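Work through the exercises below with the sequence and the model side by side. Try each task before reading its solution.

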Amino acid sequence: MILDRDLQRYIIYEQDTIANALNRIIDNRSQIICAIDSHNVIQGLFTNGDFLRWVTSQPQVDLSLPVSVMMNRQFLYAHLDDEPALIEGKLKQVLYVPIVD
């Protein structure tokens, strides 16, 4: 399990554009970012896979739309005080598990 505490590079506001979200993923060389609201509460995840699935379902692609229209709001997460074994169990289901307070 790898923990990255430099979270700013993985965060975007849910009203930021899809283009900005994609640029953040590219800049990070990651596959995922977290979308937060104006209260800094995580609202969803956005992955390169989510984008590919969304693009193939759209008759016309508009990258100026907010990332909130396509982010995954049903995601696994863990709490700061969760046991490592619980987090590792979740990581067997998905590649990334945000840890929230």
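The exercises that follow deal with confidence, a nonpolar core, a helix, a pocket and a loop residue.

This is a predicted model, in which local features need pLDDT of at least 70 and side-chain atom pairs count only at pLDDT 80 or more, while totals for chains, interfaces and linings use all residues. Residues are numbered from 1 along each chain as its sequence is written, and side-chain values use heavy atoms, with hydrogens and water left out.

**Exercise 1.** Find which element has the lowest mean pLDDT and which the highest.

*Solution.* Begin with the term: pLDDT is the predictor's confidence in each residue, from 0 to 100. The protein averages 90, and 94% of the residues score at least 70. Next compare the elements, where helices (H or I, at least four residues) and strands (E, at least two) are DSSP runs numbered from the N terminus. Strand E5 (residues 99-100) has the lowest mean, 86, whereas strand E1 (residues 11-13) has the highest, 95.

**Exercise 2.** Determine which element gives the largest share of the largest nonpolar core.

*Solution.* A nonpolar core is a set of buried Ala, Val, Leu, Ile, Met, Phe, Trp, Tyr and Cys residues joined through side-chain atoms within 4.5 Å; buried means under 20% relative accessible area, exposed over 50%, and partly exposed in between (1.4 Å probe, protein chains only). The largest core has 13 residues, and those touching the most other members include Ile 18, Phe 46 and Phe 51. Two or more residues come from each of helix H1 (18-28), strand E2 (32-36) and helix H2 (48-57). The largest share, four residues, belongs to H1. As a check on one member, look at contacts (heavy atoms within 4.5 Å): not counting residues up to four places away in sequence, Ile 18 touches Phe 46, Phe 51, Trp 54 and Met 70, among others.

**Exercise 3.** Identify the elements against which the buried residues of H2 pack.

*Solution.* First list the buried residues of H2, which are Gly 49, Asp 50, Phe 51 and Trp 54. Then follow their contacts, which show them packing against H1 and E3.

**Exercise 4.** Sort the lining of the second largest pocket by class.

*Solution.* Counting Ala, Val, Leu, Ile, Met, Phe, Trp, Tyr, Cys and Pro as nonpolar, Asp, Glu, Lys and Arg as charged, and the others, Gly among them, as polar, the lining has seven nonpolar, five polar and two charged residues.

**Exercise 5.** Decide whether Arg 29 is buried or exposed.

*Solution.* Locate Arg 29 in the loop between H1 and E2. Arg 29 counts as exposed because its relative accessibility is 80%.
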